[in-house]
Structure formats: C-alpha cells, structure tokens
Amino acid sequence: MAERIDGRAVARSLDETTKSEVEAMVAGGMTRPGLTVILVGDDPASDVYVSHKVTACARVGIRSTEHRLPAETSEDELLGLIARLNASEHVHGILCQVPLPGHIDARKVLEAIDPAKDVDGFHPVNVGRLSTGTGGIWPCTPFGCIKLLQTVQPDLTGMDALVIGRSNIVGKPVAMMLTAQGCTVTLAHSKTRDLPGKARQADIIVAATGIPEMVKGDWVKPGAIVIDVGINRQPGENGKDRLVGDVAFAEVQHARAVTPVPGGVGPMTIAVLLANTVQAARAWQK
Ligand code: NDP
C-alpha cells in the first residue's frame, strides 16, 4: 500500500512555522507582514479563493487587506492601484486574483506588480530567478509539490522525474524546481510520444494536465513517488460533484507514496502563499 502524503498535515505544519516567524519578526521590531488581495468582478469561485486566503492570513498573524473592485474597473484604474500598493511600506505581498475581466490585459497587470511583492511568483523576474537559480519568490502550487515530495524523500539528487503538463503556472516551474534539486527531468505534454513508457522509467511523477485519472496503475513503476496536481470535478452520487485528480489513485498503490485528491497538493498552495509573504516582508525590511 502506498504511503498517502497528507497535504493538509504538511500545510498545517508549514503554517505553524510561518506563524512563529511572524511572531518573531513582530517581537524583533519589524513591521507585521502584510498581504493585499485584489479581486476584480464577481466570479464566485474567485470570491471563495480570496476569502480563504484572507482567513488563512489571520490564522498565522499576517495583516491582510482586500480590494474588491467592480467588473467595470478599467485597466488604468487597476494599474494605478497596483502602483500605490507597490509604493506602500505596509504592503509586502500583492496578489491579483485571476481570471480578470476580458477588457483587462492580465499580463500587463501581473508585470506591473513589484517583483519583490509578487508572492504568487508569476512575474517574469521571479520566473527568471527560478530558472537561473538566483533566488526570487517561487510560485505556490509548484513549490508545494516540492515540499510534499521532500516529506518522503528529502534528498532528490539523481532521481529521474517526469512532469506531465508544461503550463507556466504548474508544469514548467515544477520542472525547474526539480532540476534545481538535482533531478533529471522530462517535461511531457500533449505532443509527447509514448508517455506511459516514459512514466514507467520515472522515480517521481508529477501529473498536472487537468485530465481526470489519466495516469494509470501500469504507468507507475513500483516504488515511484506520485504527486497529483489535478483538480477535476466529476458527477458523483446523489447529484453531487466529486473531485478527482489526474492520477487513478486506487491503481497506484504499488507506488512508494502518492498524494490524494482532495487533501494533497491543494492545501499546500495557500500555505506557501503565506510563507512567500513572510519571505517578501523580511526582504523588504532588510
Ligand atoms: P493547463 O491546461 O494550463 O495545462 C495542461 C497541460 O497538460 C498542458 O501543458 C498540456 O499540454 C498537458 N496535456 C494535456 N493533455 C495531455 C495529454 N493527453 N498528455 C500529456 N499532456 C497533456 O493546466 P494547469 O497547469 O493550469 O493545471 C493542471 C491541473 O492542475 C488542473 O487540473 C488544475 O485544476 C490543477 N491545478 C491545481 C492547483 C492547486 O492544487 N492549487 C493550482 C493550479 C492548477 P500542451 O501544452 O501540449 O497543450
């Protein structure tokens, strides 16, 4: 039976560390770390994500502020707000919830955030820092995957890793982080030939495609570690949706360890966001 990597427990433990760091900073005379979340429009899913982030801040002692702007907000107004937040000494992290309304250029907005306050880690400067191994702020979900992996295997040096999915927000950064950890990485995508064959060679599989239960039992070699990033809604019993990952969880029990969905990678994203905010606040006050 594969070890079930408990993302909720790992996220709780990371939150404890973050909370202690916040308390130590405040006790040492530093400004309390502050995160500002911007939400434009009334997308219900985004509304829930923003509320979760704000609640999580309170849990670890980070000061949070919300800017909930109407869907008609112009790009210039949003860029003006970001410029003010960039200049504020009380704001150490800025997060602009996506998707943005169609008339706003999301890339322009993302690139307007001061890279030192880009706690999502998506600004090209932070992507460049990750790819060149020169620090920066690392994106939350990918960094969460690495932290989960390291609960099972702290030293990843020399391992063969297969990342399935090459998006800018998950697949590519995970591949860069694994490379930085000393893995030999194959980055697969929809055009990859013989994906099952490549998967069978891998010591580590990270699945981030958005295709429900795509990674089958016979793709996974005995003893491999499997990280499932996928979050897919499927019709369940009683008309209620159920969440499944990109991995056929029940079929991969010969793996050494596997993350469940839900309760694996998902809970790590906000925990890393909080840790990134503290990192940004510390760097800002140096
Ligand atoms: P994208 O849709 O942006 O990217 C999907 C990737 O999967 C693409 O690179 C695509 O290849 C690849 N792909 C699609 N079909 C296949 C196939 N048949 N074989 C191999 N590769 C394939 O998705 P995201 O990266 O944004 O998200 C991936 C999953 O992770 C989703 O389920 C999403 O919900 C989840 N997610 C979870 C988060 C969390 O836990 N907090 C955060 C972010 C995402 P190509 O480039 O060739 O099209």
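**Exercise 1. A valine in a loop**

Where in the chain is Val-220 found? Decide whether Val-220 is buried or exposed, then list its contacts.

*Solution.* Note the ground rules before starting. The model is predicted, so local features need pLDDT of at least 70 and side-chain atom pairs count only at pLDDT 80 or more, while totals for chains, interfaces and linings use all residues. Residues are numbered from 1 along each chain as its sequence is written, and side-chain values use heavy atoms, without hydrogens or water.

Step 1: Val-220 sits in the loop between strand 7 and strand 8 (225-228). Helices (H or I, at least four residues) and strands (E, at least two) are DSSP runs, numbered from the N terminus.

Step 2: Val-220 has 4% relative accessibility, so it counts as buried. Buried means under 20% relative accessible area, exposed over 50%, and partly exposed in between (1.4 Å probe, protein chains only).

Step 3: Leave out residues up to four places away in sequence. Val-220 then touches Ile-205, Val-215, Val-226, Val-252, His-254 and Ala-255. Contact means heavy atoms within 4.5 Å.

**Exercise 2. Helix 6 and helix 7**

Place Pro-142, and find what the buried residues of helix 7 pack against.

*Solution.* Step 1: Pro-142 lies in helix 6. Its relative accessible area is 1%, so Pro-142 is buried.

Step 2: Setting aside neighbours within four places in sequence, Pro-142 contacts Ile-169, Val-170, Pro-173, Val-174 and Met-177.

Step 3: Turn to helix 7 (residues 171-180). Its buried residues are Gly-171, Pro-173, Val-174, Ala-175, Met-177 and Leu-178. They pack against helix 5 (124-132), helix 6, strand 5, strand 6 (184-188) and strand 7 (204-207).

Step 4: Look past the end of the helix. Gly-182 follows helix 7 and has a positive phi, near 95°.

**Exercise 3. A glutamine after helix 6**

Locate Gln-153 and name the partner of its side chain in a polar contact.

*Solution.* Step 1: Gln-153 is in the loop between helix 6 (140-152) and strand 5 (160-164).

Step 2: The side chains of Gln-153 and Arg-256 form a polar contact of 2.9 Å. A polar contact is a pair of N or O atoms within 3.5 Å; within protein, one must be able to donate a hydrogen and the other to accept it, and residues adjacent in sequence count only if both atoms are side-chain atoms.

Step 3: Not counting residues up to four places away in sequence, Gln-153 touches Met-159, Ile-225 and Arg-256.

**Exercise 4. The ligand**

Which residues come nearest to the ligand, and which polar atoms does the ligand meet?

*Solution.* Step 1: There are 22 residues around the ligand; Arg-166, Ser-167, Ser-190, Ile-231 and Thr-269 come nearest. A residue counts as near if one of its heavy atoms lies within 4 Å.

Step 2: A ligand nitrogen is 2.9 Å from a side-chain N or O atom of Thr-269. A ligand nitrogen is also 3.5 Å from a side-chain N or O atom of Thr-141. A ligand oxygen is 3.1 Å from a polar backbone atom of Ile-231.

Step 3: On its own, the ligand has 930 Å² of accessible area, and the protein covers 69% of that. Areas come from the Shrake-Rupley method with a 1.4 Å probe; for residues, only the protein chains shown count as cover.
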